[in-house]
Amino acid sequence: MNRNTLVDLKGISKSFRIADGRPRKVLDNVDFKLAENEIVALLGKSGSGKSTLLRIVAGLIPADSGSASYRGNPIHGPAAGISMVFQSFALFPWLTVQQNVELGLEAQGVGPEDRAQRAEAMLELIGLAGFGGALPRELSGGMRQRVGIARALVTNPDVLLMDEAFSALDVMTGETLRDEILELWADQRIPTKGMLIVSHNIEEAVMMADRIVILASDPGRIRCQYAVSLERPRDADTADLRQMVDEVYALMTARPVPQVAVAAAAAPAPVDYALPATDVARIEGVLDLLAEAPFEGHADLPQLAEESALTDEELFPTYEALAMLGLAQVEAGDIALTPLGQRYAQAGHVLRQEIFGQQLLAQVPLATRIRRMLESEPSGTMPRERVLDLLREGMEQEKAVHTLEVAIEWGRYGEAYEFDFHTGVLKLPDEAEEAA
Ligand SMILES: Nc1ncnc2c1ncn2[C@@H]1O[C@H](COP(=O)(O)OP(=O)(O)OP(=O)(O)O)[C@@H](O)[C@H]1O
């Protein structure tokens, strides 16, 4: 084994049982190494298995197959050299700050005096001197996460894992904390030799990591890697860094939007594609933002993200929806309204609904299919379960339910079909029923 390898994952696969008892593969044959002196960020869509991968490295859950080792030793349960910081802070509310930080040391059998001293020193290092006696609820979110970080660092971990450690904090607090950790790392004031972080925030990944690993979804696989060869400390406003953020955005959006059949096609269109997790309000919000100054219909994705109040996790499915509906095109880290998208931006409510419905039926096979099924029913109605059964042939229950919810919201807005939430029945819109 290479002496510099801290964590080595080979052929890792992991499935979870989903609601209907069927296994769902979350990670598929993942090979990954974390080397000494390296910070690696894992990026990927929600559900691509990033946290699962981190939890396998932390020894919190086992892989189904493949091998996971830390410094050459198989990982079977939490290893003494590996610590984790959680998004939710995961503090014990009834323990003081000092007691929370001491917990990790207690688990390692460190004596009370030594524990107290080390916890105090760590609290000082992390900017919490004097707060040892406070309870978590008396602290702000940023300070609570400092406690979470102190608890992870007090054991002098060789490897630090961070699962969206800053995403529950406001932007400024998150950035300050992130920069402080990077400073401790760069000045070698902590003995940590490697970090593996999960993030939803592309800029955060570029600011922190030496290497970014992008996971594909369903099941999670390593899709590509990106080296961030910039000196530290990094400045978010330099041209080099912006360029890299752009490139990572481009990689994240490189997924081809499925080429879909039009409504007039003779064969029923496939409906095994999960619809993006977004709603009409977001779709129109992003479209309006894109249409306005300074973008005027064309934007660099990171810039658009900065201007919008949405997270990357909310934006990506929305871009996908805009592209699916033929209202925008996403290419190489840029998004541009199509001529139809421009028209949509200028339209009033009624015309918007009309364009939405027309595009939905022309571009989204599931909507077309629902409409055809309704048209072939003498009553012009059917229970939602019929669509769910159809969706379940190609995807698992959770995704099928979610996809149907999206299809219903979009379909109701575009007046492609109606839905009665009390009875769970889908129905042709009145005018279509009269025409049928
Ligand atoms: N203990 C579990 N039991 C069943 N399913 C699980 C469990 N843990 C995770 N999953 C499922 O596995 C998939 C991957 O989850 P994971 O949290 O690893 O993804 P992620 O990429 O970290 O997502 P996010 O960015 O939303 O946190 C999800 O569909 C999730 O619902």
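Start with the open sheet made of three strands, which line up in the order S11-S13-S12 with antiparallel pairing. Select 298-300 for S11 and 328-331 for S12: these two are the edge strands, each with a single partner strand, so each has one side left without a neighbour in the sheet. Going from one strand to the next, the twist averages 15 degrees. Keep in mind as you click around that this is a predicted model.

Now add residues 334-337, which are strand S13; S13 and S12 pair in the antiparallel sense over four bridges. Want a pair to zoom in on? Pick Glu331 and you'll find it opposite Asp334 in S13.

**Next stop: the helix over the sheet**

Select residues 312-324. This is helix H10, and it lies across S12 and S13, running at about 125 degrees to S12.

Leave H10 on and bring up residues 280-291, helix H8. The H8 and H10 axes come within 9 Å and cross at roughly 85 degrees. An angle from 65 to 115 degrees counts as roughly perpendicular, and H8 and H10 are therefore roughly perpendicular to each other.

Which residues meet where these helices touch? On the H8 side, show Arg282, Ile283, Val286 and Leu287; on the H10 side, show Glu314, Leu315, Thr318, Ala321 and Leu322. Colour the contact of H8 with H10 by residue type and you get six nonpolar, one polar and two charged.

**Over to another strand pair**

Jump to residues 82-85, strand S6. Turn on the side chains: Ile82 and Met84 point one way, while Ser83 and Val85 point the other. That fits a general pattern, since side chains in a regular strand alternate between the two faces of the sheet. Are these four residues of S6 buried or exposed? All of them are buried.

Now select residues 159-163 to show strand S7. Unlike the antiparallel pairing of S12 with S13, S6 and S7 pair in the parallel sense, over four bridges. For a landmark here, click Met84, which stands opposite Leu161 in S7.

**Last stop: the ligand**

Select the ligand and then the residues that surround it: Phe16, Val26, Gly44, Ser46, Gly47, Ser48, Gly49, Lys50, Ser51 and Thr52. Which helix gives the most to this shell? Select residues 50-57 and you have it: helix H1, with three residues. By type, the shell around the ligand splits into two nonpolar, seven polar and one charged.

Technical notes. Residues numbered from 1 in each chain as written. Predicted model: local features only at pLDDT ≥ 70, side-chain atom pairs only at ≥ 80, totals over all residues. Buried ≥ 20, exposed ≤ 12 C-beta atoms within 10 Å, placed from the backbone. Pairing = 2+ DSSP bridges. Axes fitted to C-alpha atoms, helices over the stretch in contact; angles between N-to-C directions. Contact = placed C-beta atoms within 7 Å. Near = placed C-beta within 6 Å. Nonpolar A, V, L, I, M, F, W, Y, C, P; charged D, E, K, R; others polar. Parallel < 35°, antiparallel > 145°, perpendicular 65-115°, else oblique.
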